[in-house]
Amino acid sequence: MRLTTLFRDSRALAALAVPLVLTQLAQVALTTTDTVMMGMLGAAELAAGGLAIVIFNQLRTMGVGLVTSVGNQVAAAAARAENHAADPGGRPVQEDTQAVEDTVEGEVGAIVRASLAVATVAGVTGAVLMLLIGRLLPYLGQEGAVAERAQHMLLALAPGLLPCLWFQAIRQFTVGMRRPQALLRITLVSVAVNAGLNWAFIHGTWGIPKLGLPGVGVATSLVYLLSFLALYLSIRRDPILAPLISLNITTADRETVRRLTRLGIPIAATYGSEAGFFSVTTLMAGSFGSAALAAHAAVNQLVYIVFQVAVGLSHAASINVSRELAHDRPAAALRIKNTALACAAAVMSLVAVLYIAVPELVLAPFLDAGAARNGEAISIASHLLLVTMVLQFFDCAQNIGVGLLRGLDDTKSGFRITLIGYWAVGLPAAALLAYAAELETLGIWLGLLTGLGATAILLLRRYSAALRPRLTAPESVPAT
């Protein structure tokens, strides 16, 4: 019976997680392409561009956090409608079908309009902050030449934040409706478009002026805009999703905006806490020179790639928890945690084997072994991979924990726990090991490992404790 239940839970999780993981991996190929092409320009450009991308990702991640609860709200609304359309035995009640469709259209449509309004405010605010942070880089311990190049890159990236967050808002809508298939197709196409535009703007082909490093930022901003337009047009052709979406944010319901903001701010703070943890450690790595910063940027990009598996699993687990609780099935919600962690452990084990077996091959796309000036960076990065093998499992587990709590509409606990795990445990450990123990960049990553491990344990314990009272009540008869 346990094997049958595990198989059923895994299949239910995979049905949503697999397309999301593939979409996440395809999406991260955008920044991976950027990193590879920056590496071709040299270690100094990689250091500056990597620093700019870290800052962009910090603000983008927090903006995404503001609209992440949209998927859970949409999923819960759809599940409530399913319950309303079924009799106590779980059989559909046909005469209520139109009423249910009207209810879904009204409630979900209001959530979508509110999410686009929140995304608009976040995108404009984040773009302004991005430029201001760029101005502060010389005062944050960064080399003068690196800081200047990073500022130019940030100027090109800033306009792309707004369409990026619009895309994320309607993406959460499609995930909540369990219709994310178009995301993968659009993201795959955007990878190819991004590579072509990167090359054109960097080197000045096809009549486009040669921009060098800032050309990477211009290409990325254009791709975000094109991706948003493509997803919107795809939704307009979907007979189920089309009636639910409108770009007229002036009609957004204020109460819905407030609810999404109330749920989103702790998520944004949680995501920002994690991204900020990595951002601060990037600044710490920069204090050890451009080689250390280049190595840190390369390994950080590898972690970011693998992290997309965690993001997909976390989103799928979170949506499924929202649905199970809307159907009053807390035991099934608890099993989702174990299923997601088992899937994460399997993937992280495979990645660890690659890090041990072929470290040079793994680092090759980011650091050119043939360039003598990159030799020190490659040596540092090779040692960091040994720490990353363990770190990535905890990174994945803590992200799943945040998603599980979001499925409970508990967005505040994640923020409080990350403050403890990252800033009270991880950052002091990184500082002590890097500076006091003189382990430099290796010490930074050991501190990252410590912080992520503490955060993962606390988040997962909180989720199990929050579900325990609900397990004492009998579960409802499942609706079919």
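**Exercise 1. Find how many cavities of 30 Å³ or more the structure has, and describe the largest cavity.**

Solution.

1. The count comes to six cavities of 30 Å³ or more. The model is a predicted one.
2. The volume of the largest cavity is about 760 Å³.
3. Its lining consists of 40 residues. Nearest the centre of the largest cavity lie R60, T61, Y304, F307 and Q308.
4. Sorted by class, the lining of the largest cavity divides into 20 polar, 16 nonpolar and four charged residues.

**Exercise 2. Determine which helices supply at least two residues of the lining of the largest cavity, and which gives the largest share.**

Solution.

1. At least two lining residues each come from helix 1 (2-41), helix 2 (43-84), helix 5 (161-176), helix 8 (254-286), helix 9 (290-326) and helix 12 (375-407).
2. Helix 9 provides the largest share of this lining, with 12 residues.

**Exercise 3. Describe the largest nonpolar core and the second, separate core.**

Solution.

1. The largest nonpolar core contains 136 residues. Within this core, M130, F173, L367 and W445 have the most contacts.
2. Helix 9 supplies the largest share of this core, 20 residues.
3. A second core, separate from the largest, has seven residues, among them V191, L197, F201 and A219.

**Exercise 4. State how many aromatic pairs the structure holds, then classify the pair of W166 and F228 and give the burial of each ring residue.**

Solution.

1. The structure holds seven aromatic pairs.
2. For W166 and F228, the centre-to-centre distance is 5.3 Å and the angle between the planes is 45°. An angle over 60 degrees would be edge-to-face and one under 30 degrees stacked, so the remaining class, tilted, applies.
3. W166 belongs to helix 5 and F228 to helix 7 (residues 213-236); the two are 62 residues apart, and the pair links distant parts of the chain.
4. Buried means under 20% relative accessible area. F228, at 6%, therefore counts as buried, whereas W166, at 22%, is partly exposed.

**Exercise 5. Classify the pair of F393 and F394, and give the exposure of each residue.**

Solution.

1. The ring centres of F393 and F394 are 5.8 Å apart, and their planes stand at 65°.
2. Edge-to-face requires an angle over 60 degrees, so the F393 and F394 pair is edge-to-face.
3. F393 has a relative accessible area of 29% and is partly exposed. F394, with 26%, is also partly exposed.

**Exercise 6. Identify which residues ring pairs link into a cluster.**

Solution.

1. The cluster joined by ring pairs consists of F277, F278, Y422 and W423.

Notes. Residues are numbered from 1 along each chain as its sequence is written. This is a predicted model: local features need pLDDT of at least 70, side-chain atom pairs count only at pLDDT 80 or more; totals for chains, interfaces and linings use all residues. Side-chain values use heavy atoms; hydrogens and water are left out. On a 1 Å grid over the protein atoms alone, a cavity is a set of points where a 1.4 Å probe fits but cannot get out, and a pocket is an open set with protein on both sides within 12 Å along at least five of seven lines; lining residues have an atom within 4 Å of a point. Grid points are joined across faces, edges and corners, and a volume is the space filled by probe spheres set on the points. Helices (H or I, at least four residues) and strands (E, at least two) are DSSP runs, numbered from the N terminus. Ala, Val, Leu, Ile, Met, Phe, Trp, Tyr, Cys and Pro count as nonpolar, Asp, Glu, Lys and Arg as charged, and the others, Gly among them, as polar. A nonpolar core is a set of buried Ala, Val, Leu, Ile, Met, Phe, Trp, Tyr and Cys residues joined through side-chain atoms within 4.5 Å. Buried means under 20% relative accessible area, exposed over 50%, partly exposed in between (1.4 Å probe, protein chains only). Rings of Phe, Tyr and Trp (its six-membered ring) pair if their centres lie within 6.5 Å; planes under 30 degrees apart count as stacked, over 60 as edge-to-face and the rest as tilted.
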